[in-house]
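Take a look at the chain below. We will walk through its rings, its charged pairs and one of its pockets.

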Amino acid sequence: MSRHALAGVLFFGILGAGATSSAQVTAGPSGHWEGTIQVPGQELSVVVDLSGAGDKWEGAIGIPAQGLKGFPLADILVKDSSVSFVMKGVPGEPRFGGTLSPDAKALSGQFTQGDASLPFALTRTGAAVIEQVPASTAVTKALEGSWEGTIDVDGTALRLVVTLANHAGGAATAVLLSVDQGGATIPVTAVVQKDAHLTLHVRPVSGQYEGDLADGKLTGTWTQGTRSFPLVLQRK
């Protein structure tokens, strides 16, 4: 497997979204939505959760075929029957823009990513289910700084660098750098340390790292989608 192909396995490999709308509806888009994007030659299944009212909305998207789950949505705009949202941080900035049906049971429109524009259609199937990510904690001095390690994916090495830093207010932040994927930088959603155990929640790629600090290194596992890989991180 080439490193180019690996990008679709471990991080991204999707398309995107955008568009508009009109028509009056009495019910908003809050709920759990399932449907497809009409990719040439196939249908790409997607799951979207939207929750909110007025100008305050939160949401998440999943793409089962790519192991993507709970990716946070940004710039969610709802006006009358028009609904749009963006997948920030993904190449080509995928954007969905569509219109609610008069009975508010369907949402359809255009998905754009880069120069691509494809139709999408979603059906409301129930209430929104948005995963709650734990609040970040501070990390000890022993964990601050940059760490590097390598994941072996079916015989192909993928080098990763994680940088941890504490900030005023007592919470740490982290950034994940994928060296062999063009130096892609991915923000870590939550950093949690409990004793010698470190957990990194990386919602933008549906990933999570669990590791234990001992003898100056973090020994643990990177999980993304349905796959898990041993990952040992050492000081860079």
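Is Phe 120 buried or exposed? Phe 120 counts as buried, because its relative accessibility is 3% and the cut-off for buried is under 20%. Keep in mind that this is a predicted model.

Now look at the rings. A pair of aromatic rings is described by the distance of the centres and the angle of the planes. The count here comes to 3 aromatic pairs. One of them joins Phe 85 and Phe 96. This pair is stacked, with 5.0 Å from centre to centre and 25° between the planes. Phe 85 sits in strand β6, residues 82-86. Phe 96 sits in strand β7, residues 95-100. The two are 11 residues apart, so the pair links distant parts of the chain. Phe 85 is buried, with a relative accessible area of 0%. Phe 96 is buried too, with a relative accessible area of 0%.

Phe 96 also pairs with Phe 120. This time the rings meet edge-to-face, at 5.1 Å centre to centre and 75° between the planes. Phe 120 belongs to strand β9, residues 116-126. It lies 24 residues from Phe 96, and this pair too links distant parts of the chain. Put Phe 111 into the picture as well: Phe 85, Phe 96, Phe 111 and Phe 120 form one aromatic cluster.

Next come the charges. The whole structure holds 6 salt bridges. In one of them, Asp 180 meets Arg 159, with the closest N and O atoms 2.5 Å apart. Asp 180 lies in the loop between β12 and β13, and Arg 159 lies in strand β11, so the bridge ties together parts that are 21 residues apart in sequence. Asp 180 is buried at 12% relative accessible area, whereas Arg 159 is partly exposed at 41%.

Another bridge joins Glu 93 and Lys 88, at 3.7 Å from N to O. Glu 93 is partly exposed, at 35% relative accessibility. Lys 88 is partly exposed as well, at 40%. Both belong to a network of salt bridges that links Asp 75, Lys 88, Glu 93 and Arg 95. Glu 144 and Lys 141 form a bridge too, at 3.3 Å. Lys 141 is exposed, with a relative accessible area of 71%.

Last, turn to the second largest pocket. It holds about 270 Å³ of space. Its lining has 15 residues, and those nearest its centre include Val 47, Asp 49 and Lys 69. Strands β2, β3 and β4 each supply at least two lining residues. By class, the lining has 7 nonpolar, 5 polar and 3 charged residues.

Note on methods. Residues numbered from 1 in each chain as written. Predicted model: local features only at pLDDT ≥ 70, side-chain atom pairs only at ≥ 80, totals over all residues. Heavy atoms only, no water. Phe/Tyr/Trp six-rings, centres within 6.5 Å; stacked < 30°, edge-to-face > 60°. Helix = DSSP H or I, 4+ residues; strand = E, 2+ residues; numbered from the N terminus. Buried < 20%, exposed > 50% of the residue type's maximum accessible area, 1.4 Å probe, protein only. 1 Å grid on protein atoms, 1.4 Å probe; cavity = no way out; pocket = protein on both sides within 12 Å on 5 of 7 lines; lining within 4 Å. Points joined across faces, edges and corners; volume = space filled by probe spheres on them. Nonpolar A, V, L, I, M, F, W, Y, C, P; charged D, E, K, R; others polar. Salt bridge = Lys/Arg side-chain N within 4 Å of Asp/Glu carboxyl O.
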